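The following exercises concern a predicted model of a protein with a bound ligand. Please work through each task with the structure in view before reading its solution.

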Amino acid sequence: MGKSSKDKRDAYYRLAKEEGWRARSAYKLLQLDEEFNLFEGVARVVDLCAAPGSWSQVLSRVLIKGEKFGRAGWEEKQRETKRYVLGLAYKEDHGEKAEERKPRENVRIVAIDLQPMSPLEGVTTMRADITHPSTIPLLLKALDPDTYDPSATSAAHPVDLVISDGAPDVTGLHDLDIYVQSQLLWAALNLALCVLKPGGKFVAKIFRGKDVDLLFAQLRIMFEIVRVAKPRSSRASSIEAFVVCEGFHLPNGFKASLDKPIGTGIQPPTKVQPPREKTKPSRKVREDGAIEIDLGSEEEEDDHDDVEDGGTRWIAPFLACGDLSAFDADATYHLPKDRVSLDPVQPPTAPPYKRALEMRKHAGGAYGKTKGQAPHEST
Ligand SMILES: C[S@@+](CC[C@H](N)C(=O)[O-])C[C@H]1O[C@@H](n2cnc3c(N)ncnc32)[C@H](O)[C@@H]1O
């Protein structure tokens, strides 16, 4: 697909180039922030699986340059509309004027990826594998270079937010892709447990597979609020979504460690439950919007493994986010005739397909045929 054709079919790809973002993923984070006000009170952040770096760009521009995007940008737009509608008099009467950019204090942003990432203002970039235990000391050192203690297993000055947009190279085999993705999520969570401060937030990409409810229930052990969100910039046809977890707290007596990472797998019950009387299924909407479904004891006998203690299944609230007026990621848009298609802001520095392209070029052409070579000869 050519650049122009992709510009038509993917409004966010085009917009990212026009607005200077390294990847269209930037809009996913911005739309998540619009809904959840992720950056409020945030100064220290870890961005996992960060290359080519559009999420880090958002962090750098919001936290370091004090620019307004996402929720803050939306609020600013509302204020401007109000000012416009009410006229200048409103501004004078209420002493309101457009707020100046205010960079935040004590900002620290650490970005990690397997791939190299071009530098970004105020962002410490690291090339490492988030699934490998050796990454934790590297991360702790990057977070507190002056006070780093090599024997520490958690951050001396913990962070407010951990975000992870980790994605494996998708194979198209859904079960395999979901499994590999879930391993990245667990790796991100294990790192987050070592660096998040109490009350901190964790946002990570998930693939909505069969047993995703179990994952939400497990996240609820560590976070007060767990919600699932689908930004408008994420294609409806994709099983991708994001968990947005707030109110981090470690369970009593639990010590985070990458030597004994937590991971998927159903824990056996610690106590044998006495048989319960038969009850009818019921449904209750809680204050935080979560729906609790009691499946009743009949269902329990069916051996549902996603039924938590006592037959209560927990379902995370699901939110679509991003303004309804925002572009639809699945739609094709017409472009003006004389429009010039822009190049990407930051071409990949070392894409995984680079070697394949080099080999193809070396072999003499687009399809690997060497000029003048007989069909049976190989290179
Ligand atoms: C969708 S991209 C991230 C885009 C990024 N959020 C942005 O805004 O530019 C997924 C990234 O996950 C990275 N990744 C996959 N497995 C990883 C691992 N085990 N450790 C570190 N990064 C990983 C890939 O290299 C890739 O750059």
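**Exercise 1.** Determine how far a polar backbone atom of alanine 51 lies from an oxygen atom of the ligand, and describe the surroundings of the ligand.

*Solution.*
Step 1. The distance between an oxygen atom of the ligand and a polar backbone atom of alanine 51 is 3.1 Å. A polar contact requires a pair of N or O atoms within 3.5 Å, so this pair qualifies.
Step 2. Apply the cut-off to two further residues. For glycine 53, a polar backbone atom is 2.9 Å from an oxygen atom of the ligand. For alanine 50, a backbone N or O atom lies 3.4 Å from a ligand oxygen.
Step 3. Consider how far the ligand is covered. On its own, the ligand has 600 Å² of accessible area, and the protein covers 86% of this.
Step 4. Examine the surrounding shell. There are 20 residues around the ligand, and those that come nearest are Gly53, Ser54, Asp113, Asp129 and Asp165. By class, the shell comprises eleven nonpolar, six polar and three charged residues.

**Exercise 2.** State in which order the eight strands of the open sheet are arranged, and identify the edge strands.

*Solution.*
Step 1. Read across the sheet: the order is E3-E2-E1-E4-E5-E7-E6-E11, with mixed pairing.
Step 2. Look for strands that pair on one side only. These are strand E3, residues 123-127, and strand E11, residues 318-321.
Step 3. Compare the directions of neighbours. On average, and with direction ignored, neighbouring strands are turned by 20° against each other.

**Exercise 3.** Are the strands E2 and E3 paired in the parallel or the antiparallel sense, and what lies across them?

*Solution.*
Step 1. Strand E2, residues 108-113, pairs with E3 in the parallel sense, over five bridges.
Step 2. One bridge can be located by its residues: valine 110 has threonine 124 in E3 as its partner.
Step 3. Helix H7, residues 135-143, lies across E2 and E3, as well as across strands E1 (44-48) and E4 (159-164). The helix runs at about 155° to E2.

**Exercise 4.** Identify the bridge partners of valine 228 in E7 and in E11.

*Solution.*
Step 1. Strand E6 (residues 223-231) and strand E7 (residues 240-248) are antiparallel and share six bridges. In E7, valine 228 is partnered by valine 243.
Step 2. E6 and E11 run parallel and are joined by four bridges. In E11, the partner of valine 228 is phenylalanine 318.

Conventions: Residues numbered from 1 in each chain as written. Predicted model: local features only at pLDDT ≥ 70, side-chain atom pairs only at ≥ 80, totals over all residues. Heavy atoms only, no water. Near = heavy atom within 4 Å. Polar contact = N/O pair within 3.5 Å; in protein donor to acceptor, adjacent residues only side chain to side chain. Areas by Shrake-Rupley, 256 points an atom, 1.4 Å probe, with all protein chains shown as cover. Nonpolar A, V, L, I, M, F, W, Y, C, P; charged D, E, K, R; others polar. Pairing = 2+ DSSP bridges. Helix = DSSP H or I, 4+ residues; strand = E, 2+ residues; numbered from the N terminus. Axes fitted to C-alpha atoms, helices over the stretch in contact; angles between N-to-C directions. Contact = heavy atoms within 4.5 Å.
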